[in-house]
Amino acid sequence: MTYVFQFGAVWQEFDQLLLGAWLTVRLSVMAMVLGLAVGILCAVGKTSPSRAMRGLIQGYIEAIRNTPFLVQLLLIYLGLPAFGLRLTPDQAALLAMVVNLGAYATEIVRAGIEAVPHGQVEAGRALGLKPWHIFRFIVLMPALRTIFPALGSQFILIMLASSVVSVISAEELTAVADTIVARNFRSFEFYLTITAMYLGLSLAFQATFALIDRTLFSRWSDRR
Amino acid sequence: MIREFSINEVLFLVQALRWTVLLALIAFACGGLTGLGIAILRVSEARLFRALAVGYIKIFQGTPLLMQLYLLHFGSSLVGIEANAWLSAALALTLYSSAFLSEIWRGCIQAVPRGQWDGAHALGLSHFQQLRLVILPQAVRIAIPPTVGFLVQILKGTSLASIIGFTELTRAAQMVNNATFRPLIVYALVAGLYFSLCWPLSLLSQRLERRLDWEQLHTFKVSVQ
């Protein structure tokens with residue numbers, strides 16, 4: 001092998017990579033929060049008596065889960081301007097991530113809601129709690145706690161998928177590396193470095209979710 | 001020069017579908033074989049083998065598929081092989097699928113009741129014989145629904161090969177879009193094509209899972225009586 005690795009080039013541009021990683025984190029966290037909100041809304045919508053509503057939500061879930069994220073992203077970024085909606089790359093990236101995660105989150109949240117024993121809801125009613133309180137304290141929070149591990153892995157998958165938004169040059173980690181590599185041709189060194197950064201990010205998110213699980217949900221704990 | 005979006009473009013896209021399917025099949029076959037090996041290592045008795053398998057799975061599940069593609073694509077020339085989109089895409093998707101399939105199958109192996117291992121052990125079978133003759137045949141039944149479900153993930157994953165210049169469905173869409181500049185119709189059609197491949201598989205996976213649940217419930221009832 002005659003190739004000489006030059007990781008010095010990576011070190012020179014490392015602050016730029018960190019900026020890119022920061023955008024990846026911000027984009028991912030926003031997508032997680034909004035995607036979970038979409039998931040909860042749709043999961044509740046799926047319990048609605050309206051058949052049209054349920055069908056619409058099911059259609060959304062199936063459409064998203066059976067098409068590639070890349071195609072969804074391109075459809076949003078290049079297709080939406082036909083309806084007069086022109087988004088910046090960052091906005092399109094976030095929208096695509098939220099729409100994608102929302103569909104998966106709906107299925108996960110729904111499973112959690114279904115796992116809440118009906119007797120508990122009846123007990124809440126017998127205690128005279130308001131419907132909103134029953135939903136919030138008896139259905140949603142225990143459901144979220146049950147499904148939190150599954151939700152966490154889905155969150156990490158969307159963080160990893162965010163590297164794909166570099167194709168519309170939203171300036172996250174992969175896109176930053178693409179730009180630098182186009183200038184200095186040190187592709188292998190740069191992509192190896194940012195792969196390690198992504199691995200670090202997944203481990204960090206995993207640790208954070210474990211912490212949230214222990215602290216935030218501990219008071220709802222009947223798990224042990 | 002902007003071309004009209006006509007039936008020719010539709011046919012071009014439909015034809016590109018075969019590369020998507022072929023790439024997915026290669027990744028599934030090779031990834032399945034590798035994944036089986038990793039899953040067996042993962043439940044091995046030797047701690048070192050288990051640790052190796054866990055490390056492999058952590059790395060491939062913890063990094064983006066796109067980065068795996070890039071590294072193989074740009075890395076292949078470093079070891080003296082000319083960068084080839086076919087090779088990089090097939091290899092990256094194989095590694096990616098093997099990590100996920102091995103985790104799925106490990107779950108299925110561990111879902112086989114512990115008593116089956118003990119029983120096979122009592123018959124004097126070695127660890128590998130227990131696995132091959134007693135555990136795997138039972139694990140396969142549990143494994144089929146999630147494996148079919150993962151095929152959908154592989155099919156969708158092949159779209160990333162377009163980024164390194166492999167001409168499958170998504171890349172064909174970019175080419176058509178560059179010529180016709182009708183992104184909405186082009187990508188909506190492509191999404192529809194992916195959907196027509198993936199949805200039947202998703203439905204099949206759900207149905208197999210329901211049937212398995214029912215069968216397990218049924219066997220349980222019979223064994224209780």
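A crossing of two helices is left-handed if the near helix is turned anticlockwise from the far one by less than a right angle, and right-handed if clockwise. This tour uses both terms. The model on screen is a predicted one.

**Stop 1: chain A as a whole**

Select chain A and colour by secondary structure. The chain has 9 helices and 0 strands, so in sequence order the pattern reads α-α-α-α-α-α-α-α-α. Along the principal axes, its C-alpha atoms fill a box of roughly 75 × 45 × 25 Å. Of its 224 residues, 50% count as buried. Now turn on contacts: among those between residues at least 6 apart in sequence, 76% join residues at least 24 apart.

**Stop 2: helices α2 and α3 of chain A**

Select residues 14–45 of chain A, which form helix α2, together with residues 51–65, which form helix α3. Their axes are 9 Å apart and the packing angle is about 140°. Is this pair oblique or roughly antiparallel? Only angles over 145 degrees count as roughly antiparallel, so α2(A) is oblique to α3(A). The crossing of α2(A) and α3(A) is left-handed. To see the contact, show side chains for A:Val38, A:Cys42 and A:Gly45 on α2(A), and for A:Met53, A:Arg54, A:Ile57 and A:Tyr60 on α3(A).

**Stop 3: two residues on helix α5 of chain A**

Move to helix α5, residues 89–114 of chain A, and pick A:Asn100. A:Asn100 has 8% relative accessibility and therefore counts as buried. Leaving out residues up to four places away in sequence, A:Asn100 touches A:Ile64, A:Phe69, A:Gln72 and A:Ile158.

Next pick A:Glu107, which is also in helix α5 of chain A. Is A:Glu107 buried or exposed? Its relative accessible area is 15%, and the cut-off for buried is under 20%, so A:Glu107 is buried. Which residues does A:Glu107 contact, apart from its neighbours within four places in sequence? They are A:Lys46, A:Ile61 and A:Arg65.

**Stop 4: helices α8 and α9 of chain A**

Select residues 173–184 of chain A, helix α8, and add helix α9, residues 187–215 of chain A. The axes of α8(A) and α9(A) come within 9 Å and cross at roughly 165°. The two helices are therefore roughly antiparallel to each other. The crossing of α8(A) and α9(A) is right-handed. On the α8(A) side the contact is made by A:Leu173, A:Thr174, A:Ala177, A:Asp178, A:Ile180, A:Val181 and A:Asn184. On the α9(A) side it is made by A:Ser187, A:Phe190, A:Tyr191, A:Ile194, A:Met197 and A:Tyr198.

**Stop 5: from chain A to chain B**

Keep α9(A) selected and add α3 of chain B, residues 65–76. How do α9(A) and α3(B) pack? The angle is about 155° and the axes are 9 Å apart. That makes α9(A) roughly antiparallel to α3(B). The crossing of α9(A) and α3(B) is left-handed. From α9(A), the contact residues are A:Ser187, A:Phe188, A:Tyr191, A:Leu192, A:Ile194, A:Thr195 and A:Tyr198. From α3(B), they are B:Met67, B:Tyr70, B:Leu71, B:Phe74 and B:Gly75. Among the α9(A) residues, A:Tyr191 makes contact with α3(B) and also takes part in the contact with α8(A).

**Stop 6: helix α2 of chain B**

Hide chain A and select residues 47–61 of chain B, helix α2. This helix has 15 residues and spans 21 Å from its first C-alpha to its last, close to the 21 Å expected at 1.5 Å a residue. Its buried residues are B:Ala53, B:Tyr56, B:Ile57 and B:Phe60. Look down the axis of α2(B): these buried residues fall within an arc of 95°, so they line one face of the helix. They pack against α1 (7–42), α3 (65–76) and α4 (85–111) of chain B. On the other side of α2(B), B:Arg47 and B:Leu48 are exposed.

**Stop 7: B:Ile142**

Finish at B:Ile142, in helix α6, residues 127–157 of chain B. B:Ile142 is buried, with a relative accessible area of 19%. Apart from neighbours within four places in sequence, B:Ile142 contacts B:Cys108, B:Ala111, B:Val112, B:Leu212 and B:Gln216. Draw a C-alpha to C-alpha distance from B:Ile142 to B:Leu212: the value is 7.2 Å, for two residues that are 70 apart in sequence.

Methods: Residues are numbered from 1 along each chain as its sequence is written. Chains are lettered from A and ligands numbered from 1 in the order in which they are written. This is a predicted model: local features need pLDDT of at least 70, side-chain atom pairs count only at pLDDT 80 or more; totals for chains, interfaces and linings use all residues. Side-chain values use heavy atoms; hydrogens and water are left out. Helices (H or I, at least four residues) and strands (E, at least two) are DSSP runs, numbered from the N terminus. The expected span of a helix is 1.5 Å times one less than its number of residues. Buried means under 20% relative accessible area, exposed over 50%, partly exposed in between (1.4 Å probe, protein chains only). The arc is that of the directions from the helix axis to the C-beta atoms. Contact means heavy atoms within 4.5 Å. Axes are lines fitted to C-alpha atoms, for helices over the stretch in contact, and angles run from 0 to 180 degrees between N-to-C directions. Angles under 35 degrees count as roughly parallel, over 145 as roughly antiparallel, 65 to 115 as roughly perpendicular and the rest as oblique.
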